[in-house]
Structure formats: C-alpha cells, structure tokens
Amino acid sequence: MHGTIQVSDKLFKPYLSQEQILAAVDKVAEQINRDLADENPIFICVLNGAFIFAADLYRRISFPSQMTFMRMKSYEGTETTGTVKTIASLHESVVGRTVVIVEDIVDSGYTMQRMIAQLQDLGARTVKVAVLLNKPNARKVDGLNIDYCCLEIPNDFIVGYGLDYNEEGRNLPDIYVVTE
C-alpha cells in the first residue's frame, strides 16, 4: 500500500490492503458456495461501486449461476442524499429465483432496503445480500439483514477497490480512508 494519496480535493490514508480484502472475499465466497450450491441463484451487481468486488466474488463461486447488473445512486460527494435513484434497472426475470445482491458498501441502508423491496415485488423467491463493507453505525433503516459481509467498518468515508469519491479512485487496488 502507498502512503497518503490525494483523490480529487481530499487526502486519504491506507486502510485495507488488497490482500486483506481478498482474504475476506474468499471467506464470503466459501459461505455462499456452501449455502447456495443447489439454488442456481442470480447475482445482481450494484453499479458502479461493486463491480470489482462482484468480479472477484463471482470468480470464486463454484456452482451454476447468473450475473447481471443494476445501477443505483444515492451519494453526492462524501454524503448520502437519502434519496435512492435507479439509473439502470434489471432486464432479467427474478420470478421464483434466489437473488444475491452484490453491493460494495451498506451504510444508511436506504439503497439496500429499496432494492430488496423491488426484487420481492418482481417475484424473487429469496433475496440475499452480499456486501464488501458494512457500516452498521451509519444505519438509518431498521431490520436490514446482511447475509454475507466481508468486513465491518466504522462510519468513515473510504475510497478504492471500486469505491469512489466524485467518480475518482475506483481503480485503487487497496482501500483508503479520508484524513480530513
């Protein structure tokens, strides 16, 4: 990992190395392989932030399944807006299927709550959540269940490994935390 870096107008310091991240992804993939091997689930990657996590996780899934994508947006800069916008919706049927939402980070819970409700309304049999980073101290919705969590972190703003600050920093292999 590098030392302090600048992304846009903010400074970030090292937080999680790529090795730590991938070790956590391995553990979650093992859990999913045990739990869902007979389900033929459809994985839904939440764009843009989860694409790197989804790729690493999906390469470790050892049973028949599908991957598709949705794009949701709720952040402006470093803050959640409290409003969730669906930018690109689902094109595949989820009727009667087990669905695994693959998300980079769950903080307020608004996006995840909305996605789960949408998928249930579309007829999904079961909706599971696989998240790279969980911020339980930032939760603003009650009763949100995270089925597969790689890492729990405090309510800090982070960048790297797919997560961005103003659309920059996604390409960093490690995760960095804002220093300001």
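This report describes selected features of a predicted model, taking helix packing, charged side chains and loop residues in turn.

## Packing of two helices

Helix α1 spans residues 18–36 and helix α2 spans residues 51–58. The two helices pack at an angle of about 55°, and their axes lie 9 Å apart. Helices α1 and α2 are therefore described as oblique to each other. Their crossing is right-handed.

Several side chains and backbones make up the meeting place of these helices. On the α1 side, the residues in contact are L22, V25, V28, A29 and I32. On the α2 side, they are F53, D56 and L57. One of these α2 residues, D56, returns in the next section, where its charge is considered.

## Salt bridges

Side chains of opposite charge can pair when their charged atoms come close. In this model the count comes to 5 salt bridges. Three of them are described here, beginning with the pair formed by D56 and R59.

The side chains of D56 and R59 meet with a distance of 2.3 Å from N to O. This distance falls within the 4 Å limit used for a salt bridge, so the pair qualifies. The two partners differ in their surroundings: D56 is buried, with a relative accessible area of 10%, whereas R59 is exposed at 60%. D56 is also among the α2 residues that meet α1.

## A network around R170

Which residues are linked to R170 in a network of salt bridges? The network joins D164, E167 and R170. In one of its pairs, the side chains of R170 and E167 meet at 2.9 Å, N to O. In another, D164 and R170 meet at 3.1 Å, N to O. R170 thus takes part in the salt bridge with D164 and in the salt bridge with E167.

Is R170 buried or exposed? Its relative accessible area is 12%, so R170 counts as buried. E167, by contrast, is partly exposed, with a relative accessible area of 43%.

## A buried arginine without a partner

R97 lies in the loop between β5 (79–88) and β6 (98–106). R97 is buried, yet it has no salt bridge. Its nearest side chain of opposite charge is that of E39, at 8.4 Å. A salt bridge requires a separation within 4 Å, so E39 does not qualify as a partner of R97.

What does R97 touch, leaving aside residues up to four places away in sequence? Its contacts include N40, P41 and I42. Q66 also touches R97, as do G123, A124, R125 and T126.

## Backbone features in loops

A cis peptide bond joins L47 and N48, with omega about 5°. N48 lies in the loop between β3 (42–47) and α2.

Two residues other than glycine have a positive phi value: S8, near 55°, and Y161, near 50°. S8 is found in the loop between β1 (5–7) and β2 (10–16), and Y161 lies in the loop between β9 (158–159) and β10 (175–178). Their accessibility also separates them, since S8 is partly exposed at 31% and Y161 is buried at 2%.

## The loop between β9 and β10

Besides Y161, the loop between β9 and β10 contains L172. L172 is buried, with a relative accessible area of 19%. Buried means under 20%, so this value meets the cut-off. Leaving aside residues up to four places away in sequence, L172 touches I5, V7, V159, G160 and Y161.

Separation along the chain and separation in space can be set side by side for residues in this loop. L172 and V159 are 13 residues apart in sequence and 7.9 Å apart in space, C-alpha to C-alpha. Y161 and D147 are 14 residues apart in sequence, and their C-alpha atoms are 21 Å apart in space. V159 is also among the residues that L172 touches.

Terms used
Residues are numbered from 1 along each chain as its sequence is written. This is a predicted model: local features need pLDDT of at least 70, side-chain atom pairs count only at pLDDT 80 or more; totals for chains, interfaces and linings use all residues. Side-chain values use heavy atoms; hydrogens and water are left out. Helices (H or I, at least four residues) and strands (E, at least two) are DSSP runs, numbered from the N terminus. Buried means under 20% relative accessible area, exposed over 50%, partly exposed in between (1.4 Å probe, protein chains only). Lys and Arg count as positive and Asp and Glu as negative; His and the chain ends are not counted. Contact means heavy atoms within 4.5 Å. Axes are lines fitted to C-alpha atoms, for helices over the stretch in contact, and angles run from 0 to 180 degrees between N-to-C directions. Angles under 35 degrees count as roughly parallel, over 145 as roughly antiparallel, 65 to 115 as roughly perpendicular and the rest as oblique. A crossing is left-handed if the near helix is turned anticlockwise from the far one by less than a right angle, and right-handed if clockwise.
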